[in-house]
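Subject: Handing over the model

Hello,

Here is the structure I promised to pass on to you. Have a look at it first, and then read on for what turned up.

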Amino acid sequence: MKVLHVVFQVGDASYVLPAADVVQMESFTTATQVPGVASYVAGLVQIRGRVIPVVDLRARFGLPAAARTLDSRIIVVQFGERLVGLLADSAREVLGLGEDDFHAPPEVIATQSQGFVRSIAQSGNRVMLRVDFEKVIGHQVVQEDVRHGEQA
């Protein structure tokens with residue numbers, strides 16, 4: 001059975017997340033900087049009346065910064081009761097993938113990707129990386145929300 005996944009770009013790679021976990025996608029203009037947060041936290045944005053933290057995926061994945069474009073997107077993802085935005089270079093596609101399309105990543109990827117890559121999807125000639133959302137948003141982002149008693 002095929003499950004819909006949101007496909008997004010960061011650098012030269014394509015990544016996927018289950019569409020059921022994605023609440024919405026928005027264009028990115030700017031974020032309010034917050035002192036003392038991890039370097040990969042772009043800041044806070046207000047989307048539909050809620051203030052949510054945004055994780056800059058380029059910074060999180062150790063890629064060089066790039067100019068934001070009209071294609072830059074915040075992918076708002078639900079994690080338990082929380083909403084977190086993922087800042088990607090672009091996100092415009094939804095693709096049906098079945099579990100048989102996913103495979104364990106090669107050992108070198110599994111050991112050197114800091115746990116960000118859960119599996120690899122193949123669809124035709126395309127290779128896409130399925131991210132481990134909890135690892136990507138990081139323990140620090142989770143702990144900050146809990147400590148401040150906020151539902152960001």
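Which side chain meets R92 in a salt bridge? That partner is D71, with 2.6 Å from N to O. Before going further, please keep in mind that this is a predicted model.

**Salt bridges**

In general, side chains of opposite charge can pair when their charged atoms come close. In this model the count of salt bridges comes to six, and three of them are described here.

To stay with R92 and D71 for a moment: R92 sits in strand β8, while D71 belongs to the loop between α1 and β6 (73–79), so their salt bridge ties together parts that are 21 residues apart in sequence. The two ends differ in how much surface they show. R92 has a relative accessible area of 62%, so it counts as exposed, the cut-off being over 50%. D71, with 32%, is partly exposed.

A second salt bridge joins D89 to R58, where the closest N and O atoms are 3.0 Å apart. Because D89 lies in the loop between β7 and β8 and R58 in helix α1 (residues 57–60), this pair ties together parts 31 residues apart in sequence. Are these two residues buried or exposed? Both D89 and R58 are buried.

The third one is between the side chains of E93 and R126, at 2.8 Å from N to O. E93 is in strand β8 and R126 in strand β11 (residues 126–131), so the pair links distant parts of the chain, 33 residues apart. E93 is partly exposed at 29% relative accessibility, and R126 is partly exposed at 30%.

**Around S14**

R126 also turns up in the surroundings of S14, a residue of strand β2 (residues 13–18). Once neighbours within four places in sequence are set aside, S14 is in contact with V7, F8, Q9, R126, V127, M128 and L129. With Q9 there is a polar contact as well, side chain to side chain, at 2.4 Å. Why does S14 count as buried? Its relative accessible area is 13%, and the cut-off for buried is under 20%.

**The open sheet**

Six strands form an open sheet with mixed pairing, in the order β8-β1-β2-β11-β10-β9. At its edges stand β8 (90–97) and β9 (102–103); each has a single partner strand, so one side of each is left without a neighbour in the sheet. For β9, the pairing with strand β10 (residues 117–123) is antiparallel and runs over two bridges. Within this pairing, F102 stands opposite A121 in β10.

**β5 and its partners**

Strand β5 (residues 50–56) is mostly covered, with five of its seven residues buried. How many bridges join β4 to β5? There are six, and strand β4 (residues 41–47) runs antiparallel to β5. Here Q46 stands opposite V51 in β5. The hairpin of β4 and β5 has two residues between the strands, and in this hairpin R48 takes a positive phi near 50°.

β5 also pairs with strand β7 (residues 82–88), this time in the parallel sense and over three bridges. D56 has L87 in β7 as its bridge partner.

If you open the model, the salt bridge of D89 and R58 and the contacts of S14 are good places to begin.

Best wishes

How values were computed:
Residues are numbered from 1 along each chain as its sequence is written. This is a predicted model: local features need pLDDT of at least 70, side-chain atom pairs count only at pLDDT 80 or more; totals for chains, interfaces and linings use all residues. Side-chain values use heavy atoms; hydrogens and water are left out. Buried means under 20% relative accessible area, exposed over 50%, partly exposed in between (1.4 Å probe, protein chains only). Helices (H or I, at least four residues) and strands (E, at least two) are DSSP runs, numbered from the N terminus. Two strands pair if DSSP finds at least two bridges between them. A polar contact is a pair of N or O atoms within 3.5 Å; within protein, one must be able to donate a hydrogen and the other to accept it, and residues adjacent in sequence count only if both atoms are side-chain atoms. Contact means heavy atoms within 4.5 Å. A salt bridge is a side-chain nitrogen of Lys or Arg within 4 Å of a carboxyl oxygen of Asp or Glu.
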